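Colleague: Before I plan any bench work, I would like a close look at one part of this model. Please begin with a single helix and its neighbours, and then explain which charged pairs hold the surrounding chain together.

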Amino acid sequence: MSATDQTLMLLPFEEWISISAAAQRADIDEDAAASVVRAGRRRGVLRTRGKGPAQQVRRIYPAARRTPKRPNDSD
């Protein structure tokens with residue numbers, strides 16, 4: 001598991017928190033937290049709202065990475 005994966009898993013599931021609170025929870029600086037948030041958004045596991053210092057983040061997927069569905073998988 002990568003450092004980004006581990007950091008994403010430290011964020012609370014289905015709970016909005018500020019970027020600064022996310023940084024404190026993960027024991028990283030706010031610039032590093034912003035980078036982790038960008039990675040989480042690209043992976044589809046995080047959502048954000050707001051801008052600048054008021055921005056908040058929420059983990060919306062229980063894992064650090066989404067597993068892509070294979071075309072032959074049935075629902």
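Modeller: The account below begins with helix α2, then turns to the salt bridges and one loop residue.

This is a predicted model, in which local features need pLDDT of at least 70, side-chain atom pairs count only at pLDDT 80 or more, and totals for chains, interfaces and linings use all residues. Residues are numbered from 1 along each chain as its sequence is written, and side-chain values use heavy atoms, with hydrogens and water left out.

Helix α2 spans residues 19–26; helices (H or I, at least four residues) and strands (E, at least two) are DSSP runs numbered from the N terminus. Its buried residues are Ile19, Ala22, Ala23 and Ala26, where buried means under 20% relative accessible area, exposed over 50% and partly exposed in between (1.4 Å probe, protein chains only). These four residues sit on the same side of α2, because they cover an arc of only 100° around the axis, taken from the directions of the C-beta atoms as seen from the helix axis. In general, residues three or four places apart in an α-helix point the same way, because there are 3.6 residues a turn.

What does this buried side of α2 pack against? The partners are α1 (3–10), β1 (17–18), α3 (30–43) and β3 (56–59), contact being heavy atoms within 4.5 Å. Towards α3, the residues Ile19, Ser20 and Ala23 of α2 meet Glu30, Ala33 and Val37. The axes of α2 and α3 come within 9 Å and cross at roughly 100°; axes are lines fitted to C-alpha atoms, for helices over the stretch in contact, with angles from 0 to 180 degrees between N-to-C directions. The two helices are therefore roughly perpendicular to each other. Just after α2, Asp27 takes a positive phi of about 60°.

Helices α1 and α3, both packing partners of the buried residues of α2, are also joined by charge. The structure holds three salt bridges, each defined as a side-chain nitrogen of Lys or Arg within 4 Å of a carboxyl oxygen of Asp or Glu. In one of them, Arg43 pairs with Asp5, their closest N and O atoms being 2.4 Å apart. Arg43 belongs to helix α3 and Asp5 to helix α1, so this pair ties together parts that are 38 residues apart in sequence. Asp5 is buried, at a relative accessible area of 8%.

Asp5 also meets the side chain of Arg65 in a salt bridge of 3.3 Å, N to O. This pair links helix α1 with the segment after β3, 60 residues apart. Arg65 is partly exposed, with a relative accessible area of 45%.

Glu14 forms a salt bridge with Arg58, with 3.6 Å between the closest N and O atoms. Glu14 lies in the loop between α1 and β1, and Arg58 in strand β3, so parts 44 residues apart in sequence are tied together. Both are partly exposed: Glu14 has a relative accessible area of 43%, and Arg58 has 23%. Through shared partners, salt bridges join Asp5, Arg43 and Arg65 into one network.

Finally, Ala54 lies in the loop between β2 (46–49) and β3. Ala54 is exposed, with a relative accessible area of 55%. From Ala54 to Ala64 there are 10 residues in sequence and 24 Å in space, C-alpha to C-alpha.

Conventions
Parallel < 35°, antiparallel > 145°, perpendicular 65-115°, else oblique.
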